[in-house]
Amino acid sequence: EEDPKSCLYSFDAEPNTKVVAPLGTDQWISLSALNRLRRTDPTKVEPMWHSRYSILKSWFADESEFSMLQHVGVKGFLVSSVLLDGGNGLVLRSLLIMTVLSVIITLMPLLEFIVGRIIVSAPFWAQWTTWGRVVRAGFPLKLLLGQLAWKGVATTFSKLENNVREYIVDMECEILEESVPLTVGVDSVEEEEEEDVSDEEEVESEYDNLDGEDFDSYDDYDDEYDY
């Protein structure tokens, strides 16, 4: 709030958010927006700075000494390296499939009861003229209906995976906001000023505790060891 930055994505960054820029430039972007962009479409990250900087390799590669991911800790490692990057998303997809199957198995008795009640219900058999044609249809039609059903399941699972991934990416952005240290800005300048003031107060307190004879001894010391 005290030192607002104009960002590439918007005119001003939101209050209490961190912004980043290549060294020596003033082309800022909020840390959350940058991380979300590299997760959704990494090909658009470096063109933000006209492809002059290797942003992805410098800021988000494990082998880089400037990587922001070195500050995220164990929780950030699990979220970034395991869930999002593990096997190019295979780890997240596998965990999601296992979770869905576990839920289905857990609810299997309830599902069996509901299906059984539907099969023996009068309204279901009243529609025999409608679904009976599908039952008596040839294999090509059944194969087509099976493909349509599989496509619907796959589409639903893909939407679920995207929603879960977006939630995890938001979690990763929060971790980066909390863990990446502040290198420039109001807070860092204040910290340096406080350190300078504390050093000056320490020197003044040392000299205040000296009497006239001690000052003479310090003068002799300076004369003897003057470079």
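How many of the ten residues of helix α1 (residues 31-40) are buried? Eight of them are, so to speak, tucked away, and the helix is mostly covered. Keep in mind as you look around that this is a predicted model.

Let's stay with α1 for a moment. Its buried residues are L31, S32, A33, L34, N35, L37, R38 and R39. What do these buried residues pack against? There are two strands, β1 (19-20) and β2 (29-30), and three helices, α2 (55-59), α3 (73-84) and α8 (139-179).

Of these partners, α8 is worth a closer look. The axes of α1 and α8 come within 9 Å and cross at roughly 145 degrees, and the crossing is right-handed. On the α1 side, the contact is made by L31, S32, N35, R36, R38 and R39. Facing them on α8 you'll find R165, V169, D170, E172, C173, L176 and E177. What sort of residues meet here? Sort the contact by type and you get seven charged residues, four nonpolar and two polar. L31, S32, N35, R38 and R39 turn up in the list of buried α1 residues and also in the contact with α8.

Now move on to the aromatic residues. The structure holds six aromatic pairs. Take F124 and W131 to begin with: why does this pair count as stacked? Their ring centres are 4.7 Å apart and their planes sit at 20 degrees, and an angle under 30 degrees is what counts as stacked. Neither ring's residue is buried: F124 has a relative accessible area of 27% and W131 one of 22%, so each falls between the 20% and 50% cut-offs and is partly exposed.

W131 has another partner, W128, and that pair is edge-to-face, with 4.8 Å centre to centre and 90 degrees between the planes. Both tryptophans, W128 and W131, belong to helix α7 (residues 128-135), where they are three residues apart, about one turn of the helix. An α-helix has 3.6 residues a turn, so residues three or four places apart point the same way. W128 is partly exposed too, at 34% relative accessibility.

Step back and you can see how these rings belong together: F124, W125, W128 and W131 form one aromatic cluster. Within that cluster, W131 takes part in the stacked pair with F124 as well as the edge-to-face pair with W128.

Methods:
Residues numbered from 1 in each chain as written. Predicted model: local features only at pLDDT ≥ 70, side-chain atom pairs only at ≥ 80, totals over all residues. Heavy atoms only, no water. Buried < 20%, exposed > 50% of the residue type's maximum accessible area, 1.4 Å probe, protein only. Helix = DSSP H or I, 4+ residues; strand = E, 2+ residues; numbered from the N terminus. Contact = heavy atoms within 4.5 Å. Axes fitted to C-alpha atoms, helices over the stretch in contact; angles between N-to-C directions. Left-handed = near helix turned anticlockwise from the far one by under 90°. Nonpolar A, V, L, I, M, F, W, Y, C, P; charged D, E, K, R; others polar. Phe/Tyr/Trp six-rings, centres within 6.5 Å; stacked < 30°, edge-to-face > 60°.
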